[in-house]
Amino acid sequence: MSLETGKVYTFKFNSGEEMIAKVSYFETASEYIKVDEPLSVAPSAQGVGLIPSLFTADPDQSVTINTNSIAMYAESEDSVKMKYLEAT
């Protein structure tokens with residue numbers, strides 16, 4: 001796994017959920033990564049929307065993700081990245 005801190009990525013989890021977040025901490029040998037401001041992708045009648053991934057967590061705190069739960073990831077597409085930056 002190779003991620004860069006400060007970049008916005010789209011993550012697809014083993015559960016099928018898709019999330020967009022900015023990576024705040026990553027080490028190659030670690031089983032965890034930390035992300036800031038995670039938003040889940042939610043389909044709606046108007047297309048794809050972004051909603052908070054954790055409704056009851058402190059939005060100013062980083063979120064820890066176990067890398068074993070990630071099925072795939074990629075740097076987010078520019079149009080999606082702009083929506084993410086507007087939402088956060």
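How many nonpolar, polar and charged residues does the lining of the second largest pocket have, by class? The tally is six nonpolar, three polar and four charged residues. That pocket gets its own close-up below, along with a few other spots in this predicted model.

**View 1. The largest pocket, with a volume of about 240 Å³.** Fifteen is the size of the residue set here: the pocket is lined by 15 residues, and E37, P38, P52, L54 and P59 are the ones that lie nearest its centre. Strand β3, which runs over residues 32–44, gives the most to this lining, with three residues. Sorted by class, the wall has nine nonpolar residues, three polar ones and three charged ones.

**View 2. The second largest pocket, holding about 190 Å³ of space.** Look for I20, V41, V48, L50 and V80, which sit closest to the centre among the 13 residues that line this pocket. Four elements give two or more residues to its lining: β2 (18–26), β4 (47–52), β6 (70–75) and α1. The largest share comes from β4, with three residues. As for how such spaces get found, rolling a probe the size of a water molecule over the atoms shows where empty space is left.

**View 3. An aromatic cluster made up of Y9, F11, F13 and Y73.** The model's count comes to four aromatic pairs. In one of them, the ring centres of Y9 and Y73 are 6.1 Å apart and the planes sit at 70 degrees; over 60 counts as edge-to-face, so that is what this pair is. The Y9–Y73 pair links distant parts of the chain, with Y9 in strand β1 (residues 8–13) and Y73 in strand β6, 64 residues apart. Now for the F11 and F13 rings: their centres are 6.5 Å apart and their planes are at 25 degrees, which falls under the 30-degree limit, so this pair is stacked.

**View 4. How far the same four aromatic residues are covered up.** Which of the two tyrosines, Y9 or Y73, is buried, and which is partly exposed? Y9 has 5% relative accessibility, and because that is under 20%, Y9 counts as buried. Y73 has a relative accessible area of 28%, so Y73 lands in the partly exposed range between 20% and 50%. F11 and F13 are both buried.

**View 5. The largest nonpolar core, with 13 residues.** L3, F11, M19, V23, I33, V35 and I65 have the most contacts inside this core. At least two core residues come from each of β1, β2, β3 and β5 (63–66), and β2 gives the most, with four residues. Grouping of this sort fits a general pattern: in soluble globular proteins, nonpolar side chains tend to be buried together.

**View 6. The surroundings of V23, one of the core residues with the most contacts.** Leave aside the neighbours within four places in sequence, and V23 is in contact with L3, E4, T5, G6, K7, Y9, F11, K34 and V35. Of these partners, L3, F11 and V35 also appear among the core residues with the most contacts.

**View 7. K81, a lysine in helix α1 (residues 78–87).** Is K81 buried or exposed? The relative accessible area of K81 is 18%, and because the limit for buried is under 20%, K81 counts as buried. Not counting residues up to four places away in sequence, K81 touches V8, E75 and S76.

How values were computed: Residues numbered from 1 in each chain as written. Predicted model: local features only at pLDDT ≥ 70, side-chain atom pairs only at ≥ 80, totals over all residues. Heavy atoms only, no water. Buried < 20%, exposed > 50% of the residue type's maximum accessible area, 1.4 Å probe, protein only. Contact = heavy atoms within 4.5 Å. 1 Å grid on protein atoms, 1.4 Å probe; cavity = no way out; pocket = protein on both sides within 12 Å on 5 of 7 lines; lining within 4 Å. Points joined across faces, edges and corners; volume = space filled by probe spheres on them. Nonpolar A, V, L, I, M, F, W, Y, C, P; charged D, E, K, R; others polar. Phe/Tyr/Trp six-rings, centres within 6.5 Å; stacked < 30°, edge-to-face > 60°. Core = buried A, V, L, I, M, F, W, Y, C linked by side-chain atoms within 4.5 Å.
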